[in-house]
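Trainee: Hi! Could you walk me through this one? I'd like to start with the polar contacts.

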Amino acid sequence: MIWAAVGDPHRRRVLELLRAGPRPVHELVEQLGLSQPGVSKHLRILREAGLVTVRPDGQRRLYLLEPAPLREFARWLEPFRAYWDDRPDDLEHR
């Protein structure tokens with residue numbers, strides 16, 4: 001599920017924005033330049049993958065990055081780092 005979630009560039013951008021801290025939907029809409037329903041769809045997918053959690057804050061909902069699944073994903077990717085570090089020019093041709 002995490003692969004599908006991080007495979008989309010808009011969802012990766014949401015994750016990048018949430019690295020700075022919790023954000024309400026309207027901030028994400030402004031930063032991404034997408035419609036509110038579009039951002040909500042991406043947030044739902046990220047929540048289902050466990051990458052994002054939501055917490056009520058008065059009348060609004062704040063979205064927060066959930067680091068545990070990202071750590072697990074990074075650990076899985078780590079053995080492949082040597083592959084792309086040894087062949088940076090090859091990546092351009094793949």
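Mentor: Happy to! A polar contact is a pair of N or O atoms within 3.5 Å. Keep in mind that this is a predicted model.

Trainee: Okay, so what does a side-chain oxygen of Asp8 reach at the start of α2?

Mentor: That oxygen comes to within 2.8 Å of the backbone nitrogen of His10.

Trainee: And which residues of α2 are buried?

Mentor: Helix α2 spans residues 9-18, and its buried residues are Arg11, Val14, Leu15, Leu17 and Leu18. They sit on the same side of α2, because they cover an arc of only 160° around the axis.

Trainee: What covers the buried residues of α2?

Mentor: The cover includes helices α1, α3 and α4. Strands β1, β2 and β3 contribute to it too.

Trainee: Arg11 caught my eye. How far away is the nearest side chain of opposite charge?

Mentor: That side chain belongs to Asp8, 4.3 Å away. A salt bridge needs the nitrogen and the carboxyl oxygen within 4 Å, and Arg11, though buried, has none.

Trainee: Then which polar contact joins the side chain of Arg11 to another side chain?

Mentor: The one with the side chain of His42, at 3.0 Å. A polar atom of the Arg11 side chain also lies 3.1 Å from the backbone oxygen of Ala4.

Trainee: Changing topic: how many helices and strands are in the chain?

Mentor: Six helices and three strands. From the N terminus, the order is α-α-β-α-α-β-β-α-α.

Trainee: And what share of the residues is buried?

Mentor: Of the 94 residues in the chain, 31% are buried.

Conventions. Residues are numbered from 1 along each chain as its sequence is written. This is a predicted model: local features need pLDDT of at least 70, side-chain atom pairs count only at pLDDT 80 or more; totals for chains, interfaces and linings use all residues. Side-chain values use heavy atoms; hydrogens and water are left out. Buried means under 20% relative accessible area, exposed over 50%, partly exposed in between (1.4 Å probe, protein chains only). Helices (H or I, at least four residues) and strands (E, at least two) are DSSP runs, numbered from the N terminus. The arc is that of the directions from the helix axis to the C-beta atoms. Contact means heavy atoms within 4.5 Å. A polar contact is a pair of N or O atoms within 3.5 Å; within protein, one must be able to donate a hydrogen and the other to accept it, and residues adjacent in sequence count only if both atoms are side-chain atoms. Lys and Arg count as positive and Asp and Glu as negative; His and the chain ends are not counted.
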